[in-house]
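Subject: Handing over a structure

Hello,

I am passing this structure on to you, and my notes on it follow below. Please have a look at it first, then read on.

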Amino acid sequence: TAKEAGRDRAVWYDRTIEPSTTRGLRLANDLHRGIQNDELRLHYQPIMDLASNDIVGMEALVRWERPGVGLLNPVSFIDVAERTGQIVQLGTWVARHACEIAAGLAPRPAGPRTVSINVSARQLSDPGLVEMLTTALRETGCPPSALVVEVTETALMDDLATAATTLDTIKELGVGLDLDDFGTGYSSLLYLKHFPVDRIKIDQSFVAGLGSNWADTAIVASTIALAHSIGILAVAEGVETPHQLEQLRAMGCDFAQGFLLSRPIPPEALTDWLNEWVPESIRRAPLPKPEA
Ligand code: C2E
Ligand code: MG
Ligand code: MG
Ligand code: MG
C-alpha cells in the first residue's frame with residue numbers, strides 16, 4: 001500500500017539503518033543485485049582552477065537507479081554498503097567506470113584532466129584495493145595521472161599504518177590523493193601527517209559560513225594556509241554563491257567545486273556541459289539547475 005511504501009521510503013534516508021534489520025537486509029540484497037544488474041550510475045561534478053578559471057577535474061559521485069524507487073543518493077545506501085562489505089564491489093564498479101571516463105579525457109585538447117573517486121576507510125582496509133585500481137587503470141587504458149583518490153573519513157581508521165602504506169603504493173602508481181571533508185572527521189590532522197596527500201578538500205559545512213560566520217571564515221582561511229605551508233593545495237567544496245567564490249579567491253584557495261559551478265552531471269549531459277561552460281556563466285546563472 002501507499003502507506004507502507006511511504007513508511008518504507010523514509011528509511012532510505014536513515015543513515016543509522018542496521019544491515020541486520022529486515023529493511024537493512026532487503027536494502028543489502030537489492031544493492032547486491034543492483035551492482036550486478038548495472039543499476040549504479042556516476043554523476044560528475046566539475047572542479048575549477050581558481051587561477052585560470054578552467055575546469056581541471058571532475059568528481060565521480062555514485063547514484064543508484066533503484067527499480068521502483070528512483071535515483072538514490074549515496075547517503076541512502078553507502079552506509080549499509082560499508083557495514084556489509086558491499087562497498088568493495090561498489091568501489092570496483094565505481095573505479096572501473098570513472099577510469100573509462102578519465103581515459104577519454106586524455107586525448108581532448110582542453111577541459112578536465114582528472115576524475116576523482118571517493119574511497120572510504122572500509123575500502124582502504126581491503127587488501128585488494130591496489131590490485132583493483134591497477135586493473136581498472138590497465139583495462140580502461142586510463143593514465144594513472146588522470147585518476148584521483150579522495151579519502152573520505154566516514155569512520156575511524158583502525159590501522160593508520162597499513163592505510164598509509166596502501167596510500168603510498170597508490171601514489172607511486174601516479175594516482176593523485178585528496179583528503180575529503182577536511183576538518184569534520186575523526187583525525188584529519190593525523191591523516192595529513194601520515195598520508196601522501198596532494199590536496200585538502202575543505203568541507204562544505206565551513207564553506208557555507210564564509211563571510212557570515214567568523215569561525216567558518218577563520219577555519220577556511222587557516223586550512224588554505226595550512227595546505228600551502230606543507231606544500232600542497234586546497235579545494236573548496238560546496239561553493240554555492242559568487243560571494244563565497246570571491247572570498248576563496250581572496251584567501252588564495254586553489255580550486256572550487258559546488259552548485260555555483262554545477263550540480264553533479266549525468267554522463268550523457270557531460271560533454272555538452274563542458275563544451276558550453278565559460279567562467280562568465282557563473283555570474284549569469286540566476287540559480288543552479290536541479291540535478292536530473
Ligand atoms: P563528498 O565526497 O564530500 O561529495 C560532495 C557531496 O556534496 C556530494 O553529495 C555533492 O553532490 C554535494 N555537493 C556538491 N556541491 C554542493 C553544494 O554546492 N552544496 C551542497 N549542499 N552540496 C553539494 P552526494 O553525491 O550525495 O555524495 C555524498 C557523499 O557520499 C560524498 O561526499 C561521499 O562521501 C560519498 N560518496 C559518493 N560517491 C561515493 C563512492 O563512489 N564511493 C564512496 N565510498 N563514497 C561515495
Ligand atoms: Mg568526495
Ligand atoms: Mg567532501
Ligand atoms: Mg562528504
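Let me start with the magnesium ion (ligand 2), whose donors are spaced along the chain as E-x58-N-x31-E-x29-D. In this predicted model, side-chain atom pairs count only at pLDDT 80 or more and local features need pLDDT of at least 70, while totals for chains, interfaces and linings use all residues; side-chain values use heavy atoms, with hydrogens and water left out. Residues are numbered from 1 along each chain as its sequence is written, and chains are lettered from A and ligands numbered from 1 in the order in which they are written.

**The two metal ions**

Which residues hold the magnesium ion (ligand 2)? Its coordination comes from Glu59 (OE), Asn118 (OD1), Glu150 (OE) and Asp180 (OD), at 2.0 to 2.2 Å. Donors here are N, O and S atoms within 2.8 Å of the metal (3.2 Å for Na, K and Ca), and water is not among the atoms, so sites may look incomplete. Glu59 sits in strand β2 (residues 55-66) and Asp180 in strand β6 (residues 176-182), so this pair ties together parts that are 121 residues apart in sequence. Helices (H or I, at least four residues) and strands (E, at least two) are DSSP runs, numbered from the N terminus.

The magnesium ion (ligand 3) has as its protein donors Asp180 (OD), Asp181 (OD) and Glu237 (OE), with Glu237 (OE) listed twice, at 1.9 to 2.4 Å. Along the chain, the donors of the magnesium ion (ligand 3) follow D-D-x55-E. Here the linked pair is Asp180 in strand β6 and Glu237 in the loop between β8 (233-236) and α11 (242-250), 57 residues apart. Asp180 bridges the magnesium ion (ligand 2) and the magnesium ion (ligand 3), which lie 4.1 Å apart.

Are these residues buried or exposed? Asp180 and Glu237 are both buried, where buried means under 20% relative accessible area, exposed over 50% and partly exposed in between (1.4 Å probe, protein chains only). Asp180 has a relative accessibility of 3%, and Glu59 is buried with a relative accessible area of 3%.

**Around ligand 1**

How many residues surround ligand 1? There are 23, each with a heavy atom within 4 Å of it, and the closest are Arg63, Asn118, Asp180, Glu240 and Phe259. Two of the metal-binding residues turn up here again: a polar side-chain atom of Glu59 lies 2.9 Å from an oxygen atom of ligand 1, and an N or O atom in the side chain of Asp180 is 2.8 Å from an oxygen atom of ligand 1. With Glu240, a side-chain N or O atom is 2.5 Å from a nitrogen atom of ligand 1. On its own, ligand 1 exposes 800 Å², and the protein buries 84% of that (areas by the Shrake-Rupley method with a 1.4 Å probe).

The elements giving two or more residues to the shell around ligand 1 are β2, α4 (87-105), β5 (147-152) and β6. Of these, β2 gives the most, with four residues.

**Two further spots**

Ile101 lies in helix α4 and is partly exposed, with a relative accessible area of 25%. Ile101 and Ala121 are 20 residues apart in sequence and 24 Å apart in space, C-alpha to C-alpha.

Arg199, in strand β7 (residues 199-202), is buried at 10% relative accessible area. The side chain of Arg199 makes a polar contact with that of Asp178 (2.8 Å); a polar contact is a pair of N or O atoms within 3.5 Å, where within protein one must be able to donate a hydrogen and the other to accept it, and residues adjacent in sequence count only if both atoms are side-chain atoms.

Best wishes
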